[in-house]
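Reader: I am new to this structure and should be grateful for a close look at a single part of it. Please begin with one pairing of strands and proceed from there to its surroundings.

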Amino acid sequence: MSIHDFIKKIKNHEIDIVEHTYKLIEECKEINKEYNYLNTISEDLALNSAREIKIQLKQKNKNIKNKKLLGVAVSVKDAICVKDVETTAGSKILKNYKPLFDAFVIQKVREEGGIIIGKTSQDEFGFGGFSVNVGIGFKVPKNPFDIDRSCGGSSGGAAGLSQKLSNHIALGESTGGSIVEPASFCGVYGLCPTYGRVSRYGLIDFANSLDKIGPIGKNIEDVALLMSVISGYDKNDSTSLNTKNENYESHLKKPVKGMKIGIIKEAFGQGVEREVEKNVYNGIEELEEEGAKAEEISLELPIRYGIGTYYMIATSEASTNLAKYCGMRYGATEKLEGSFNEYFTKVRSSNFGDEAKRRIILGTFARMAGYRDAFYLKAMKVRTLMIQEYKKAFKKFDALVSPTASILPPKFEDIEKLSPLQHYMIDVMTVSPNVAGLPHLNVPVELECS
Amino acid sequence: MKFKSDIVIGLEIHTEIDTKTKLFCSCPTKGSEEPNTRTCPTCLGQPGSKPVLNNKAVEFALKLCLALNCKISPELIFSRKSYFYPDMAKNYQISQYEIPLGKSGNLRLRNGKEIGIIRVHMEEDPASLIHPAGMKESAYVLVDYNRSGNPLVEIVTEPDLASPDEARDFMKQLITVLNYLEIFDINEGIIKADANVSIKENEYTRIEIKNITGFKEIERALNYEVNRQKEEAKRGKNIEQETRAWDSDKGVTFSLRKKETEEDYGYIIDTDLTVVEITGKWLNQIKKEMPELAQDKVKKFIQKHKIKKEDAEILAAEKELAEMFEKVAEEINPLLAAKWLRRELVRVLNYNKKELHEVEIDEKHMIDLLKLVESRKITDNVASKIMEKLIEKPFDIKDYVKKENLEAVSDISELEKYCKEAIKENPKAVADYKKGEKKALNFVVGKVMQKTRGKATPKEVNEIILRMIE
């Protein structure tokens, strides 16, 4: 049953929303036992929302029939604030933190009758591509097809749950590929929108100039539906785009005939697994059969310098964003002793995970006097060059194609062997569009099973 | 660097600007004094909160840049200044770094010297820390975020100031500008300075003094520091570059840290905020709204009211005084008005340790009073006394003069009567005068003034007595 049909059935009283939500929450608990997709299941909030909808339906409330997400379960990446629901961004340092306000996207989901079911697991603050860098005390989510493999990251819980749970759409978040890459590993659709299209108000920051909230779903219709709900101008986010809202569902059935598609030359060949390459080419062929015109394009700068540029900017920004967590106003605390500096150090040392510490150190270094010009400012300049190169490419093409990830989901035992740099390389296809603020979408083309 | 003066001072001034709401959120800058009540997720640095720029604050800062003759940046860009401190909600302060809003400006001192302004930039105020048992002794510190996120403007001068007195005057002139622009709350606004002080005797080794609050303190702190450095030099001590703090209660500076390198704040662009374009159109709009400043008033007073430059400068130095003068000069001879406002009113205010905006006296009182002086209905003496009383609490001057019978004695026969009495009552003084002690006459004149309660002019009394004695 599509979500569209599901909503129709809710509106026509064919499905009892309270009963349905209750079952769905039980299903989440069951799935979570094996896969660890949810850090928090907001059972009370979900059931209360369901009861509220049921009452309004009974009272034949006029507005209820127009709600775009009526009764649809929406999971929320743990980095997105939901009022009064524990929100940690996957970090021990925010354990038990309950936000004072809803993120913009949460307000929108609620307004349209969506039911928030819980907070999905992720790499701590989004720092990773395999969801293995979860915070201290958090569980690693597992691939829905093979529990020995990664479901990707950092929105790993969101992508895995999207594959496993029906009548559900996930809110993911991406800084360097954290929506599309886990979507690819879990065989679902993930849309990372244009920077500024979706308000970041209420998103716990990783890197402010890169972070984007976007939908992940089993069907492209689900992704388009949630995208229509969460996009739009928000006065509380200065980087929000003040342009007219779009109905993304209206674009779904448009033919691809005559579309020009650029195949990024550097995204194939060396370092790309054979199965990945084969299946992506098959996908391109399908598009060509539908009348799209595909042609190769070289985008050397973004592929070659994307990782370096991205990590300089992202860690610089992240290291300032994480400064606020010091055990003083909210989140984890330690025994109060020593000077403020000693206390802050103790809180941060014992509550941040290794990758968070690594990125704080990297980012602090990149913006230090004496290194700032060579790293942070240089990266900002390369970013401008990358944007120009993409602009040039989009003069000729309507869309660019590359594999989302160059490999199939790796086994946890193999991930352990990776050096931090090899770990960072998983983002090679996805960081560049993020650095340029471009939208990108993961389209599953084939399921490879070993 | 070559310095011309023996003392070299540069200032870094932080001033609050008087917007209704904070720089990056809509919390009020004034209101409840109960700690942590004027706060929201943004000024508390809660995860997920985002800053949104207050355009009014930008306009205020632009006005200041224009008044200080700065070159204005075409773009407003904010940076994050990172350091850990308990008064920082985010452990970074949103400030400006590479490209300040204004640069290369200047401000003229009373002595005519022009002081260079290196930069003017905007930033947010941290929270306030309260040490319940004193700064060094308290076992704990309380944090009040009511102030967190208030808009500040930082003004950095060239090291052009050659004495603590000049530094004080710079602050005074700056406050005058802020006051004219109406961007500073003169009653509650806080103005703070850090000062770099170096003296020739120490080869101009730079010492930074932090945390001097208010323009009167600056001279005290700098005088102390200059003397301290001179003493050290006399004793042959080699002064190292260091950062010191001013303890206003004890009247001393004390060492905070000897620093070998500049502090590293790891500045990056704050990408939560967009680059704000300062368009020509916007700037023109602001230029149109710019009020007359002190130098405009001085010119106008000299040209229109024909008063002396020196008087014009003193009147213009304070916005309230200048505005009062303009209104009074419409009804009273400007020369008389200037004399009374810049001498008597300022004298009485200084004596009472008050500023004009702190007292209730207004232009109507001055006009009433000076009309009586102009028409010689009361003597200067009586007018001065009335002014002293007015500062305490205003009243209707005409009624008061009538009720207290203070009108000048213009009837010569009445005056002659008082003089005759005084001569009779003080034969010794009269005799002394006749012996050649000219001063003795003043004593007799004083007695007559007493009898008339100041309602006669000393000159007139003097003439009558002389005539009677000789």
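Author: In this predicted model, strand β4 (residues 79-82) of chain B pairs with β15(B) in the antiparallel sense, over two bridges. One residue of this pairing may be named: Arg80(B) has Ile268(B), in β15(B), as its bridge partner.

The pairing belongs to an open sheet of three strands, whose order in chain B is β5-β4-β15 and whose pairing is antiparallel. The edges of the sheet are held by β5 (92-95) and β15 (268-269) of chain B. Each of these has a single partner strand, so one side of each is left without a neighbour in the sheet.

The division of chain B into domains gives the wider setting. The assignment recognises domain 1 (7-282), domain 2 (292-403) and domain 3 (412-469). Between the C-alpha centres of domain 1 and domain 2 of chain B the distance is 35 Å. Six residues from domain 1 of chain B and six residues from domain 2 of chain B take part in the contact between them. On the side of domain 1 of chain B that touches domain 2 of chain B, helix α2 (residues 164-181) of chain B gives the most, with four residues. That side of domain 1 comprises four nonpolar residues, two polar and no charged.

A helix of chain B also merits attention. Helix α9 (residues 363-374) of chain B has twelve residues, which at 1.5 Å a residue should span 16 Å; the end C-alpha atoms are 16 Å apart, in agreement with that expectation. Its buried residues are His365(B), Met366(B), Ile367(B), Leu369(B), Leu370(B), Leu372(B) and Val373(B). The buried residues of α9(B) pack against four helices of chain B, namely α7 (319-328), α8 (334-351), α10 (380-392) and α11 (397-403). After α9(B) comes Arg376(B), with a positive phi near 60°.

There remains the contact between the two chains, to which chain A gives 34 residues and chain B gives 25 residues. On the side of chain A that touches chain B, the elements giving two or more residues are α9 (300-321) and α10 (340-351) of chain A. The residues of that side of chain A divide into 17 nonpolar, ten polar and seven charged.

How values were computed: Residues numbered from 1 in each chain as written. Chains lettered and ligands numbered in written order. Predicted model: local features only at pLDDT ≥ 70, side-chain atom pairs only at ≥ 80, totals over all residues. Contact = placed C-beta atoms within 7 Å. Nonpolar A, V, L, I, M, F, W, Y, C, P; charged D, E, K, R; others polar. Expected span 1.5 Å × (residues − 1). Buried ≥ 20, exposed ≤ 12 C-beta atoms within 10 Å, placed from the backbone. Domains from an automatic or database assignment. Pairing = 2+ DSSP bridges.
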